[in-house]
Structures are given as structure tokens and as C-alpha cells.
Protein chains: 2
Amino acid sequence: MHPTVGIIGAGAMGMAMALNLQGRGYAVEVRDVLPAVEQAAREAGMVVQSTPRALAAACDIVAIVVVDAKQIDEVLFGAEGLVHAEPRADAQRATVMLCSTIAPQDSAGFAARLADHGIETIDAPISGGPARALTGQMSMMLAAPAALLACWEPLLVDLAHKRFTIGEVPGDAAKAKLVNNLLAGINLVAGAEALALAEKLGLDARKMFELICASSGASWVFEDRMARALTDDYSPPRAAAHILTKDMGLATALAASVQHATPLGDAALARFRETVARGWRELDDAAVIKTYRG
Amino acid sequence: MHPTVGIIGAGAMGMAMALNLQGRGYAVEVRDVLPAVEQAAREAGMVVQSTPRALAAACDIVAIVVVDAKQIDEVLFGAEGLVHAEPRADAQRATVMLCSTIAPQDSAGFAARLADHGIETIDAPISGGPARALTGQMSMMLAAPAALLACWEPLLVDLAHKRFTIGEVPGDAAKAKLVNNLLAGINLVAGAEALALAEKLGLDARKMFELICASSGASWVFEDRMARALTDDYSPPRAAAHILTKDMGLATALAASVQHATPLGDAALARFRETVARGWRELDDAAVIKTYRG
């Protein structure tokens, strides 16, 4: 018997996770603030709940895939928040999975407050994009007590083919996610800096792209994002520029909290902030190359 | 009939190229300033020449794989330089391949001066490391007139499985190489910045390494170099820190010459310069992480 899984925040990633689970035979229920998303969920045959509280009452476990900590705070502890749901008599272990990319102290704080309500927390940020989430091929970083992870192991396997157990303390997976995203963000801006330089030097940009993908400058994010920069087409975004801007801000603040200098992270973040400031926040994050093309 | 190939500068890359060609049935002759290298070449059954001039007189084509433009200037135009060799009556086309990573204006300048001596030039920087060079799996960027490249095509195929023809003008391949190395250098320092941050946050460094290699922060240079940083062992170097420091300096100067800002390149170069300044110039370039570990 599969558990009934609730998804709060059925954006690109949340919806892909929901569809993946549904395809594997799970009952999936969804809560989202956007009517268009609710409609899409209904058309996919999912139950749509009108509040996090109602969702939690109907589900065995709830994955939260909203954008930031402020939204998580609202769906957990707001007037119609998840914690106000009646405990289910037949529930295994009331559990919340925090899948958003947030600051580690927020993950840890939410876990502590949820514990006061008898709810357990899996710090479970995700990575890999909607296409991989849709087939269960995404990756997931995990920080939670081992017994709790063991309890939900079959669900975690179905959600994420690649799972990295970072530790037992909620917040540690958030740290790992931010470190990875810091690096991805730097590699992306670096790729833009290099490709735009090739253009200014009069080199064939597509040829340079292929050369770099086959050489020591290759990176996952260069190949994925600069393919898009070659065609100068950034809409609709696969990942909007303001998302990585937020992640990089969290990552550099985390680094500062342990007195770790991030000269490359700071320089990359400055380019992302410029991208947002120039009105391109909703474009694909590959649009950071526009700050170099002038 | 294979041409007789001369190699000037039989360091890690030059020797690997020489051994690769020898294994494919080419006669290979070598010139190097270091007696130990001469000895190794002799033991491998290669003819060792005592000057570039003598080497050129015995070979159909000469590949130059020394460290920098100053050394190239010496081996080409010095008192015992290559240009002073008697032209061979039976030669196809007297040709020099410039395989070092140098400034594009130097490649172009050497080509022009060689042309005055009736010698043609292939701007042919290489990439991929000695292990790939040894099996002909390295990559090569090429800029030279199409007819000249066609003439040497069989040799180029044997040397480098991956060949990127950038254009017909010597200097353009040097530009492409510097753009790639700029990006590789940034990605390397970025990887060090991220891995050292994970360490300071108390995360398991090896687990983070594996996570990043499977996630959006992945890059070729991260996987290759940070594997070494994990064991904190940088000697002997696969690529000494001062080499990429030199390349990054050339690349940022090239960018400045076309008014292209390189904030990430500048920040990464600063870390490489610090690595050299702290006495680690001969260590593997992965040692740049030591500037972050404090």
C-alpha cells in the first residue's frame, strides 16, 4: 500500500513530482495558491485541497515545494496551516518533507517547531530539474533521523533515483544544497563570461560551445544553459533568474556565517543581481550572459 | 609513409605526444634542454638532437610544446634556432606546429616571422592532459590555411582524436584555447571555494564531492582536481599551479584588449597568484584550495 502524498506548491518541480508519484500508483493530493495550477492538478486526476490544513488531514506525508522560507512559514504555521490539521488516527508517522532551497537555520527552525506539534521533518532539498523529477531521476539531499528515513525509504526511492544522505540533523541537507548551488551559479556565470568573450573576439560561438563541452572548461551547467544563450532565447524559463539569485544570496550568507570568503560567489551573485535589476528576473537564468554582451 | 616528426619540449605533454606517434610507426626526434628528458627519449628509442636547428634539418614537421612564448622565440629564432636549418630538398612543406598555450598576438607574430623563412605555421594548442595525449585522445584547436591542414590531416588525426578547426588565421586557435582555459581556471577555483566551504560547515567532504559530481555543480575540472584536494596531496603535479596562473593572466589580458570585463576570471586569477606567491607554484593546481582552507 502506497501512502497518500500531499504536495504543497505544485510549480514546475512540485507538479513533476506529483505526476511521477501518480504514475507509480500513489494517491496524490495538491495544494497551490494559483487557480491555474489547481486546474492542471484536477485535470491530471489529483485531489485539490483548498488549504494546507485540509491537505494534511487527508495525507500520510506532505512534501513542501514552495519557493522560500516565508511561504513555508505560512503553509506550516499560518491560520490555515498544516499544523492545525487533526492528527490522523491511522497515520504511520506524521511527516513533512522540506524540498525548497532555504537557509539551514530555517530548516532546523521549522523542524523544531513542527516537533512541538508531533510532526517529524525530513530536510530534503531537491535538484535536477522538472524533466528528471517527472521520471523519478532527480536527486535529493537528505538530513533526518535514520529511523525516519528508513520508514519513508520506498517513497524516497520513487521520488529521487539519486539520494545523498548528508546526516541526521535537519539543516545539513540545506547546507549541502546551498554549497552545490553556489558552485552551479558560479559555473553558470563563468560560462557566460567565457562565451561572451569568445563572441567579442570574433570566434564562432557555436563552435566554441562545442569545443568547451569537449574540453577542460566543460561543466554540467555550461552545457545546459549556454545552449540556450546561443539562441538568445530565455523565455519561458526552465529556471527563472531570480531563483538562483536567491540561492546564491543564501549561500554567500551561509559562508559569511562561518568566516569563509567567497570571492567568486560574490562576483557571480553581483551578475545575477544585475540580471534581476535590469528587468530580467523572470527570464531563464542563462540570461545572465546579457550582462556581458552589453 | 609517415613523416618524420620533431618534438621540441618533451615535457609531460610533448613526451606523451612523441610516444603516441612512435607507437603508431612514426620516426620521432626530440629536442629538450633537460638532460633527464633527453635520456628518457633515448631510452624510448627516439633520436635526440642537440639543437632546434639540427632537429629541423632532420624532420618533416616540428611540433613545439615548450612552456611559453619566450621559449618559443628562442627555439625558433635563437642562435641555434629552427629557422637556421638548411631547407630539406625532399620536404613536403616546411611546417611548424605551435602547441603551447600563448597569447594570440604571439602566435600570429611567430607565423609571420616564420613565413619570412619559407616556413608555414599551424596554430595548434592542445588540451586534455598527458594520459589522453599518450593514446591520441587529446583535443587540439587548429587555426591555419585549409590547404595546410589538409596536407597534415593524417598526422593531426593520429595526434588528436578531437580536433576543432577554429579558422584560417594563426592566433584564432590560441584565442579559443585561452577562452577554454579561462573557464577551466574559474571552474577549478569555484570548486575549491565550494568544497572548502563544505568542510568549514562540518559536512563530509567526500560525500559532498560525490553529491556535486552528480548534481548541477558538476564540472570536468571539479571532478578531476578536487578528487586530489580530498586527499590533500598535490605532488607530483599533473598540472603545476604556475601554468594555469600564466594561462589565466594571458586570458584576462586578451579580454581586456577587447574591453570585456572578467570579474570571475580576475577573482580566480587572484587566487592562483596567491597560490604561487605562497610558495606552491610547483604543486598541482588543485592546491589553490589551500588558499581557502587557511
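**Reading helix packing in a predicted two-chain model**

Val179(A), Leu182(A), Leu183(A), Ile186(A), Asn187(A), Ala190(A), Gly191(A), Ala194(A), Leu197(A) and Ala198(A) in H9(A) meet Val179(B), Leu182(B), Leu183(B), Ile186(B), Asn187(B), Ala190(B), Gly191(B), Ala194(B), Leu197(B) and Ala198(B) in H9(B). The model is predicted.

User: What classes of residue make up the contact of H9(A) with H9(B)?

Analyst: That contact has 16 nonpolar and four polar residues, with no charged ones.

User: How is the packing of two helices described?

Analyst: In general, by the angle between the axes and the distance between them. Here H9(A) and H9(B), each covering residues 172–200, pack at about 165° with axes 9 Å apart. Because angles over 145 degrees count as roughly antiparallel, H9(A) is roughly antiparallel to H9(B). Their crossing is right-handed.

User: Which element of chain B gives the most to the side that touches chain A?

Analyst: H9(B), with 19 residues. Across the whole interface, 49 residues of chain B contact 49 of chain A. Other elements of chain B that supply at least two residues include strand E8 (139–143), helix H10 (205–213) and H13. By class, this side of chain B has 31 nonpolar, 12 polar and six charged residues.

User: At what angle do H12 and H13 of chain B cross?

Analyst: At roughly 145°, and the axes of H12(B) (241–257) and H13(B) (263–280) come within 9 Å. The crossing is left-handed. Among the residues in contact are Leu244(B) and Met248(B) of H12(B), and Leu269(B) and Phe272(B) of H13(B). The contact divides into 10 nonpolar, six polar and two charged residues.

Methods. Residues numbered from 1 in each chain as written. Chains lettered and ligands numbered in written order. Predicted model: local features only at pLDDT ≥ 70, side-chain atom pairs only at ≥ 80, totals over all residues. Axes fitted to C-alpha atoms, helices over the stretch in contact; angles between N-to-C directions. Helix = DSSP H or I, 4+ residues; strand = E, 2+ residues; numbered from the N terminus. Left-handed = near helix turned anticlockwise from the far one by under 90°. Contact = placed C-beta atoms within 7 Å. Nonpolar A, V, L, I, M, F, W, Y, C, P; charged D, E, K, R; others polar. Parallel < 35°, antiparallel > 145°, perpendicular 65-115°, else oblique.
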